[in-house]
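Let's take a walk through this fold together, going from the sheets to the helices and then out to the charged pairs. Keep the viewer open as you read.

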Amino acid sequence: MSEYLLDMRGIVKDFNGVKALDGIDLKVRAGEIVGLCGENGAGKSTLMKVLSAVYPYGTWEGQIFWEGKELKAETIRQTEEAGIVIIHQELMLVPQLSVAENIFMGNEIKLPGGLMNYSAMYRRSEELMAELKMPDVNVALPVYHYGGGHQQLIEIAKAINKKAKLLILDEPTSSLTKAETAILLDIIRDLKRKGVACVMISHKLDEVAAVCDTVSVIRDGTHVGTRPMKEIDTNEIITMMVGREITQMFPKEDVPIGEVVLSAKNLSVKGIFQDVSFDVHAGEILGLAGLVGSGRSNVAEALFGVVPATSGTISIRGKELNIDSPAVAMDNGIAFLTEDRKETGCFLILDILSNMDAAVLRTQFVGPLGFVQRKQLQQEAEKMAQTLRVKTPNLHERIENLSGGNQQKALLGRWLMTHPQ
């Protein structure tokens with residue numbers, strides 16, 4: 001019997017000739033928490049999609065051994081039946097369905113004749129919520145009644161209900177408050193005590209240090225190294241991730257601060273936020289801070305006209321504007337990189353070029369007769385993709401095939417191509 005619950009050997013995955021993974025090894029023992037670290041686009045999520053059969057056996061090279069036997073899963077259901085459950089960064093819940101219906105989705109308890117046994121599902125869901133220290137959750141209510149922290153734990157309840165032996169968490173705390181994060185980390189420790197192994201993908205290295213037994217680092221699709229957490233600190237992890245010493249993680253650039261470019265005065269959106277005022281100068285980076293749900297993103301959406309302000313004023317270089325749509329914002333040099341690339345950023349079924357050119361076709365690369373100047377547009381997009389080091393064989397690849405980090409780079413490229421103020 002192998003000492004490892006999971007043993008991934010020499011995993012290679014390419015997308016039309018571009019290697020996203022190039023000979024990756026990963027080993028996990030029962031009850032072990034492994035931190036999987038790397039920069040955006042390093043291949044972390046791709047590796048986990050190979051493991052969970054999002055990319056089925058036959059679409060990648062290498063071997064996966066599970067409980068000592070080779071695993072050749074072709075469907076997600078097969079990996080879940082084996083005990084491997086992944087919780088994606090973008091949660092896979094159906095907001096309109098109840099907590100219990102989400103927990104049992106695909107594994108419903110049924111009465112003779114095929115009707116769903118709701119009383120049994122509610123009872124088990126309540127047991128799971130109590131186990132996760134959330135006894136106040138009404139399992140009959142639709143999921144949309146609960147915030148991000150609760151939804152993350154509902155996903156974990158779903159995984160426990162599937163009898164997970166290995167839980168894969170992809171950026172589990174990215175949208176959680178500090179208090180919600182502390183609860184989640186405690187639950188991960190509880191699962192470890194019960195023998196559940198965990199692979200945790202995270203950029204928050206303090207959290208990795210707090211719960212992980214082992215850290216495995218990948219860079220540009222290659223395995224850099226695996227070390228016990230007690231023998232390494234976060235600075236060493238960063239050095240392994242980026243391939244160089246980090247003396248100052250985020251060096252401040254000293255640039256002259258110029259005139260006021262954007263001014264918001266007493267900005268409000270009825271029922272969401274009120275009376276917000278600030279100025280942003282040329283060359284200045286302004287941070288907008290607050291707890292999850294405090295209205296930070298809503299302020300940004302008001303500036304871009306997604307949800308227009310109901311009162312207050314917005315001025316660009318001293319000129320007061322009525323920004324009642326994104327088109328007006330874009331015409332005045334404002335760009336908006338959304339917080340949720342999957343839901344409100346990417347057109348997942350379109351190629352990278354279509355995603356990058358979405359913001360410029362209104363005003364640029366259109367000839368005198370209204371035809372799109374395809375050649376110039378592609379040249380500009382390719383130049384931008386090269387500048388941002390978007391890892392792809394070409395711009396005609398569907399954006400959903402890129403890693404999350406590379407999708408984000410493509411979206412950033414979309415807005416930089418508009419030459420925003």
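What follows is a tour of a predicted model, taken one region at a time.

Let's begin with the sheets. One open sheet is built from 6 strands in the order β6-β7-β8-β3-β9-β10, and its pairing is mixed. At the edges you'll find β6 and β10 (222–228); each has a single partner strand, so one side of each is left without a neighbour in the sheet. On average, and with direction ignored, neighbouring strands of this sheet are turned by 15° against each other.

Zoom in on the β6 edge. Its pairing with strand β7 (residues 166–170) is in the parallel sense and runs over 4 bridges. If you want a spot to anchor your view, go to V85, which stands opposite L167 in β7. Helix α5 (residues 148–161) lies across β6 and β7, and its direction is at about 170° to β6.

Now slide over to the β10 edge. Here helix α8 (residues 234–242) lies across β3 (33–37), β9 (214–219) and β10. The angle is quite another matter to look at: α8 runs at about 25° to β9.

There is also an open sheet of 4 strands, in the order β2-β1-β4-β5, with antiparallel pairing. Its edges are β2 (18–28) and β5 (69–70), each with a single partner strand, so again one side of each has no neighbour in the sheet. Strand β1 (residues 6–15) runs antiparallel to β2, and 8 bridges join the two. Within that pair, V12 has D22 in β2 as its bridge partner. Helix α1 (residues 44–51) lies across β1, β2 and β4 (61–66), running at about 115° to β1.

Next, follow the chain out of β6. The loop between β6 (84–87) and α3 (99–103) holds V94. This valine counts as partly exposed because its relative accessibility is 31%. Together with L97 and M105, V94 makes a nonpolar surface patch of about 190 Å².

From there, hop to helix α4 (residues 118–131), where Y122 lies. Is Y122 in contact with residues from elsewhere in the chain, and if so, which does it touch once its neighbours within four places in sequence are left aside? They are A100, V139 and A140. Y122 and S98 are 24 residues apart in sequence, and their C-alpha atoms are 9.8 Å apart in space. With a relative accessible area of 26%, Y122 is partly exposed.

That leaves the charged pairs. Side chains of opposite charge can pair when their charged atoms come close. In this model the count comes to 21 salt bridges, and three of them are worth a stop here.

Start with E32 and R29, whose side chains meet in a salt bridge at 3.8 Å, N to O. Buried or exposed: where does E32 fall? E32 is buried, because its relative accessible area is 8% and buried means under 20%. R29, at 35% relative accessibility, counts as partly exposed.

Then look at the far end of α4. K194 forms a salt bridge with E131, and the closest N and O atoms are 3.3 Å apart. This pair links distant parts of the chain: K194 sits in the loop between α6 (178–193) and β8 (197–201), E131 is in helix α4, and they are 63 residues apart. K194 counts as exposed at 54% relative accessibility, while E131 is partly exposed with a relative accessible area of 31%.

The last pair is K265 and D279, whose side chains meet in a salt bridge at 3.4 Å, N to O. K265 lies in strand β11 (residues 260–269) and D279 in strand β12 (residues 273–281), so the pair ties together parts that are 14 residues apart in sequence. Both ends are partly exposed: K265 has 38% relative accessibility, and D279 has a relative accessible area of 29%. To finish, go back to R29 and E32, because there is one more partner to add: salt bridges that share partners join E3, R29 and E32 into one network.

Key
Residues numbered from 1 in each chain as written. Predicted model: local features only at pLDDT ≥ 70, side-chain atom pairs only at ≥ 80, totals over all residues. Heavy atoms only, no water. Patch = residues over 30% accessible without salt bridge, like charges linked within 9 Å, V, L, I, M, F, W, Y side chains within 5 Å. Areas by Shrake-Rupley, 256 points an atom, 1.4 Å probe, with all protein chains shown as cover. Salt bridge = Lys/Arg side-chain N within 4 Å of Asp/Glu carboxyl O. Buried < 20%, exposed > 50% of the residue type's maximum accessible area, 1.4 Å probe, protein only. Pairing = 2+ DSSP bridges. Axes fitted to C-alpha atoms, helices over the stretch in contact; angles between N-to-C directions. Contact = heavy atoms within 4.5 Å.
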